[in-house]
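Welcome! Take a moment to look over the whole model, and then we will walk through it together, one part at a time.

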Amino acid sequence: MTGGDPDSGARGPWWRAPLTRLAQWREHRALARRAIPEDLWQLTLSRLPFLARLDEADRAELRRLCSLFLDRTEFHGTDGVDISDDIALAVAAQACLPVLRLGLHYYERLYGIVMRRDEVVAQRSVMDEDGIVHEYEEPIVGELGEGGLMMLNWHDVSTAAEGAEWAFNVVIHEFAHVIDAATGDIDGVPPLPDREARERWIEVLDTAYEQFCELVDDGVDTVVDPYGAEGPDEFFAVAVEAFFVAAVPFKRESPEMYAMLAGYFRQDPAAG
Ligand SMILES: [Zn+2]
């Protein structure tokens, strides 16, 4: 998608003009096709308390992005989940929050969303240093598969308000992975303008990640989900969750990471 690129302010060559007009026309059609009824929009906002900080202009932009998101995203329900407008909009509103100022082109690699009723338990095994294989069960609340197919579960999506109290948000977590994956690698480093910005990002991320792992090892009750200690890619995803749904305590716990994410997403959720 080219229409929503915030950096495309400068006029391109003359032959881009018809494409731009075509993109605008397509966007206009999509917005008309996917207009969100006022009562459903208000209901969705009331269920997601972390959206309350958005001013009127931001809410209007979020609603516009939700329409475009719904127009281009395939949803499939499984385990008896029927994808209603309610369910689709609950996902869209949370998914579009991180890219409110960046645009939906960050989600171009998303292939579709499968919604389960509840989390699933995966059987995992890991080999220790002595070559002994340990079997364990891991609950999976969401997953971004190869090829861009995302799995979510309705139980956790629909209880996002309660989850926010402990910095948990499955939709924002999985979409943080989509943003990260937009570079081609899932490594905690999202698309950045140049090498210098990348190096700076890696420096801040690695330092914050090391500090976080020490806290987790010491048994400290962190704001950021201890699952983030799995690796820098997961740390990035849980930090993005905390940034958007528990901004004030997250900023206190990890000020450098907060500042970096605020600059990246061009949002300052801890400011109110
Ligand atoms: Zn993850």
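Two strands are said to pair if DSSP finds at least two bridges between them. Helices (H or I, at least four residues) and strands (E, at least two) are DSSP runs, numbered from the N terminus. What you see is a predicted model, in which local features need pLDDT of at least 70, side-chain atom pairs count only at pLDDT 80 or more, and totals for chains, interfaces and linings use all residues. Residues are numbered from 1 along each chain as its sequence is written, and side-chain values use heavy atoms, with hydrogens and water left out.

Let us begin with a hairpin. Strand 3 and strand 4 form it, with five residues between them, and in the turn G131 has a positive phi of about 80°. Strand 3 covers residues 120-127 and strand 4 residues 133-140; they pair in the antiparallel sense over eight bridges. To see one pairing for yourself, find S125, whose bridge partner in strand 4 is E135.

Next, go to helix 2 (residues 38-47), where T44 is found. T44 counts as buried because its relative accessibility is 3%; buried means under 20% relative accessible area, exposed over 50%, and partly exposed in between (1.4 Å probe, protein chains only). The side chain of T44 reaches the backbone oxygen of L40 at 2.8 Å. Contact means heavy atoms within 4.5 Å, and, leaving aside neighbours within four places in sequence, T44 is in contact with L89, A90 and A93.

Now for the metal. Which residues give the zinc ion its protein donors? They are H173 (NE2), H177 (NE2) and E234, the last through two OE entries, lying 2.1 to 2.7 Å from the ion. Donors here are N, O and S atoms within 2.8 Å of the metal (3.2 Å for Na, K and Ca); water is not among the atoms, so sites may look incomplete. In sequence, the donor residues follow the spacing H-x3-H-x56-E. H173 and H177 are four residues apart in helix 7 (residues 170-181), so about one helical turn separates them. H173 counts as buried at 8% relative accessibility, and H177 does too at 6%. The angles among the four donor atoms run from 53 to 145°, and the site is irregular. Four donors would count as tetrahedral if all angles lay between 85 and 135 degrees.

In the loop between helix 6 (160-164) and helix 7 sits A167. A167 has a positive phi of about 60° although it is not a glycine, and at 2% relative accessibility it counts as buried.

Helix 8 (residues 195-217) is our last stop but one. With 23 residues, helix 8 reaches 32 Å from its first C-alpha to its last, close to the 33 Å expected at 1.5 Å a residue; that expected span is 1.5 Å times one less than the number of residues. D194 caps the N-terminal end of helix 8, a side-chain oxygen lying 3.3 Å from the backbone nitrogen of E196. Buried residues of helix 8 include W201, Y209 and F212, and its buried residues pack against helix 9 (232-245), helix 10 (247-253) and helix 11 (255-265). Just after helix 8, G219 takes a positive phi of about 75°.

Finally, look at the segment after helix 11, where R266 lies. R266 is not a glycine, yet has a positive phi of about 55°. Is R266 buried or partly exposed? With a relative accessible area of 39%, R266 is partly exposed.

How values were computed. Polar contact = N/O pair within 3.5 Å; in protein donor to acceptor, adjacent residues only side chain to side chain. Tetrahedral: all angles 85-135°; square planar, octahedral: opposite > 155°, others 65-115°.
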